[in-house]
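Okay, everyone, let me pull this one up on the screen. I'll walk through a few spots and then finish with the whole chain.

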Amino acid sequence: MRADRWNRVRELFQSALEVDVEERHEFLERATGGDETLLGEVEALLRADSAATGRLDAAFHDAVLGAEETLPDTLLGRSLGAYELRERVGEGGMGTVYLGVRAEEGYEHRAAVKVVRQGRLTAARVQRFQSERQILAGLEHPSIARLIDAGQTDDGVGFLVMEFVHGRPIDRYCDDERRSIPDRLRLFQDVCAAVQYAHQMLVVHRDIKPSNILVDEDGRVRLLDFGIAKMMDPDAEETATALRMLTPEYASPEQVLGRASGTSTDVYSLGVLLYELLCGRRPFRIDLDNPREIERQITDSEPERPSTTVSRNSDADEVANLAALRATTAHRLPKILSGDLDNIVLMALRKEPTRRYASPAALAEDIDRYLRGHPVVARPATWRYRAGKFVGRNRVASAAAGISLAAFGGWGVTSAIQVDRLAEERDRTA
C-alpha cells in the first residue's frame, strides 16, 4: 500500500475509534466519499484491531499505530479570543488546557483555555470537542466549572474558555487536610449533587475520577472535563459508549464491554471514587499493559470490602498513616468502614447496572442515612439491625430507659423481699 494511502487509512481508523460503535459505518461512509475500497480497508483494520485487543480498546492503539508525535507547543503566548495563553496546565479529555489571562487596564482575569490537542486533529476529535462545548453551555451549577466563552480561530483552532479553578484533586485534598471519614462523605455528597444535576440535564459524564474533581481554596467541589460526556436521548434509557473514551481504573463493566451506558455508569465510577476516598486505593489493581486482564478484573472479579482491604494490609506503618490521614487510628478505621459503608460502596459497584443505586442522588441519600444513624438501603433491614440503629441514634434516651428498667426491676425485687419478710413475721406471731 502506498504511503499516502496508508496515511489516509490510518487517519480514518483513528477517527473511527472515537465514534460510537453503532455510528462508525455511517461515519466512514461519509468520510470515504463513496470509495468502497477505502471503506473496506478501514473496516478490516477495525475488525483486526478488535480481535487483537478484545473489546477494551481504551488507550492501547498507540502501541500498534505508533505513539502520538510530541510537537513543540506553538500556542504559548498566543491569544485565543480575549485570552493570552500563559502556561500549559494539563490535558483534559480531547484537549490541552492552558492558563489564559485576559489583561485590560486595571483588570486581569484568569481562565482555563482548552484547545483541541495538537498532532491528531481528526474530524471525530473536532466533533467531540464541539459536543463538549454544547454540553457545557447548558450546565449552570455551583459545583461544575462554567463555560465563559468559546470560538475558533481563522486557522481552525477550536477553543473553550472555562472558569479557572485553583484547587486540588479531591483525593489529594482530603489527605492533605486529613479529613475524617464523615468529612469525606459530605464532600462526596457534593460530587453526587453535581453529577445528579448533569443527569437531570441529560448529560452522562463518563469520566468521573479524582483528577476531574477539584476542591478549591474555599473547600468547594468543582466537577471538570466533560470531554467524553454524552448527551442522553430523552426517549431512551441508555446511550451508546465510545469504547476508546474511558479511564480503565474508573470505567464500569458496561463501558469496558462496549455496551450501552447510562446514568448507572456514573454511579459505578462514583463507587470507585468513594472506595478510594475511604480506604486509600481503588477496588481493583489494574495492569494498564494488559487489556484482557483489565476486562476480566472489572467484569468478573468482585471487589473486596473496604474494611477488609484495610484489615488485610500487613504493613502496620502504612495502615497507621492511612488512618491518620482520615483523622482516626489503625484500630478504629476498619470498624468505621465495616457494615454500612462496606455495603454502600459495594452496592454502587455492582456489576449489573440495574442493581446499583438508581441515581447519584440515591447514593448520596444513603450516605446521609448513615451519617444520621438511620438504617441504609444497601443493608438488609433486619429487626436486630434496625433496633441497633435506633439505640445508636437515641443513646441518652436508651440509657435512661435502661436505668429506669433496672430501677423498676430493683424496686420489684425489693418489694418482693419486703413481702416475704412480712409474711415471715406474720407466721412467727401467729
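So, strand β9, residues 213-216: Ile-213 and Val-215 point one way, Leu-214 and Asp-216 point the other, and all of them are buried. That fits the usual pattern, because side chains in a regular strand alternate between the two faces of the sheet. And before anyone asks, yes, this is a predicted model.

Who are the neighbours of β9? On one hand there's strand β7, residues 167-169, which pairs with β9 in the antiparallel sense over three bridges. In that pairing, Gly-167 stands opposite Asp-216. Then there's strand β10, residues 221-223, also antiparallel to β9, with three bridges. Here Ile-213 has Leu-223 as its bridge partner. β9 and β10 make a hairpin with four residues between the strands, and Gly-219 in that hairpin takes a positive phi near 80°.

Now scroll back to another hairpin, β3 and β4. How many residues sit between these two strands? Two, and Gly-106 in the turn has a positive phi of about 75°. The strands themselves, β3 at residues 95-104 and β4 at residues 107-116, run antiparallel and are joined by 10 bridges. If you want a pair to click on, try Arg-102, which stands opposite His-109 in β4. β4 also pairs with β6, residues 158-163, again antiparallel, over five bridges. There, Lys-114 is matched with Leu-160 in β6.

Okay, helices. α14 covers residues 340-348, and eight of its nine residues are buried. The buried set includes some polar names, among them Asp-340, Asp-342 and Asn-343, along with Leu-341 and Ile-344.

Hold on to Ile-344, since it turns up again around Asp-366. Asp-366 lies in helix α15, residues 360-372. Is Asp-366 buried or exposed? It counts as buried, because its relative accessibility is 0% and the cut-off for buried is under 20%. What does its side chain pair with? The side chain of Tyr-357, through a polar contact of 2.6 Å. Leaving out residues up to four places away in sequence, Asp-366 touches Ile-344, Tyr-357, Val-376, Val-377 and Ala-378.

Last, the zoomed-out view. The chain has 17 helices and 11 strands, and 47% of its 430 residues count as buried. Taking contacts between residues at least 6 apart in sequence, 61% join residues at least 24 apart. The accessible surface comes to about 21,700 Å², with 49% of that belonging to carbon and sulfur atoms.

That's my tour, thanks.

Key. Residues numbered from 1 in each chain as written. Predicted model: local features only at pLDDT ≥ 70, side-chain atom pairs only at ≥ 80, totals over all residues. Heavy atoms only, no water. Buried < 20%, exposed > 50% of the residue type's maximum accessible area, 1.4 Å probe, protein only. Contact = heavy atoms within 4.5 Å. Areas by Shrake-Rupley, 256 points an atom, 1.4 Å probe, with all protein chains shown as cover. Polar contact = N/O pair within 3.5 Å; in protein donor to acceptor, adjacent residues only side chain to side chain. Pairing = 2+ DSSP bridges.
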